[in-house]
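Student: Could we go through the ligand site of this predicted model, setting each value against the criterion behind it?

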Amino acid sequence: MKFGIDAGGTLVKMVKEENNQRFYSKYLSTEIEEVAEMLKQFPEAEVALTGGKATYLQSLIPQEAFQSIEFDATFKGIQTFLKQYQHPLENYIFTNVGTGTSIHHVERDKQERAGGTGAGGGMIQGLGYLLTGETDFERLVTLAAQGDRDNIDLKVKHIYKGDKTPIPGELTAANFGRVLHTKDHVTYSDADKLAAAVGVVGETVTTVSIHAAREFNAEYVVYIGSSFLGNDLLKEVVMRYTVLRGFRPYFIENGEYSGALGTLKLM
Ligand code: ADP
């Protein structure tokens with residue numbers, strides 16, 4: 001039995017391989033001690049770790065675990081998934097939207113970090129809480145999907161007011177930039193505020209990703225990370241905006257387990 005574990009800032013992702021079968025599970029990082037208790041029940045298991053809390057998890061478990069660098073593990077996991085899903089790519093960007101966002105360029109069998117942004121899943125949770133008081137991730141993304149950010153975000157067409165626009169009128173000119181124009185005649189529901197929070201994260205992540213894609217002449221941006229879990233709005237914003245800017249988005253099924261799977265495969 002083999003375990004690959006990516007102990008991240010918000011979530012611990014675990015891949016178990018047994019009899020040629022793969023099982024995926026995740027835990028809150030605040031429950032890392034429970035993950036350790038579970039591992040103690042399989043002292044003979046081979047364990048591979050990665051992520052910011054890997055060394056802490058190693059201190060809690062009896063197995064002498066293999067450890068790999070998070071970026072290498074994530075890359076190995078992505079390559080494994082792309083092969084499995086028969087979607088071969090040679091020159092591409094991958095963007096990991098975790099608690100924060102990390103952006104990488106891949107050329108054949110090499111990856112290098114190309115940048116990042118503090119806009120990511122942690123921002124959706126933190127800003128979402130400040131705006132609405134909601135702490136539950138599932139409720140937060142469900143509500144966000146029902147919201148409308150039209151009265152909150154300022155679009156290019158709002159500025160040009162029917163005049164010919166130099167760039168597509170549907171593009172966001174200023175996230176949250178319409179609030180002071182609309183505040184006297186509309187009320188903003190929690191769903192609207194959360195949709196705007198997801199919107200600013202999605203658009204920021206995409207903007208930084210496509211700049212990298214342009215720099216490295218890559219056609220595809222591969223998006224992974226738990227921030228997309230159950231979060232169809234974020235997916236939609238990222239997908240639409242990537243296409244609008246002339247690049248091709250690809251979302252990997254179970255992609256949030258790339259680090260966990262990758263460290264297992266590197267062992
Ligand atoms: P990390 O490795 O930094 O923990 P992840 O790829 O696991 O990164 O993504 C963490 C993000 O996933 C959170 O910031 C949040 O937006 C989102 N998320 C998805 N499901 C949950 C959940 N059940 N609880 C908390 N956050 C979740």
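**The ligand and its surroundings**

Tutor: Let us begin with the shell around the ligand, to which α4 gives the most, with three residues. Both β2 (11-18) and α4 (121-132) supply at least two residues of that shell.

Student: What makes a residue one of the 15 around the ligand?

Tutor: The criterion is a heavy atom within 4 Å of the molecule. Of the 15 residues that surround the ligand, T10, K13, T99, Q125 and S226 come nearest.

Student: How do you know that T10 makes a polar contact with the ligand through its backbone?

Tutor: A polar contact needs a pair of N or O atoms within 3.5 Å. A polar backbone atom of T10 is 2.8 Å from an oxygen atom of the ligand, so the pair satisfies that cut-off. The backbone N or O atom of L11, at 2.9 Å from a ligand oxygen, and that of G9, at 3.3 Å from a ligand oxygen, can be set against the limit of 3.5 Å in the same way. As for cover, the ligand on its own has 570 Å² of accessible area, of which the protein covers 87%.

Student: How many residues of each class does the shell hold?

Tutor: The shell has 11 polar, three nonpolar and one charged residues, with Gly counted among the polar ones.

Student: Why is the ligand said to lie between two domains?

Tutor: Domain 1 (2-85 + 257-266) and domain 2 (117-147 + 189-251) both give residues to the shell, and therefore the ligand lies between them. The space that the ligand takes is the largest pocket.

How values were computed. Residues numbered from 1 in each chain as written. Predicted model: local features only at pLDDT ≥ 70, side-chain atom pairs only at ≥ 80, totals over all residues. Heavy atoms only, no water. Polar contact = N/O pair within 3.5 Å; in protein donor to acceptor, adjacent residues only side chain to side chain. Areas by Shrake-Rupley, 256 points an atom, 1.4 Å probe, with all protein chains shown as cover. 1 Å grid on protein atoms, 1.4 Å probe; cavity = no way out; pocket = protein on both sides within 12 Å on 5 of 7 lines; lining within 4 Å. Sits in = over half its atoms within 2 Å of the grid points. Helix = DSSP H or I, 4+ residues; strand = E, 2+ residues; numbered from the N terminus. Domains from an automatic or database assignment.
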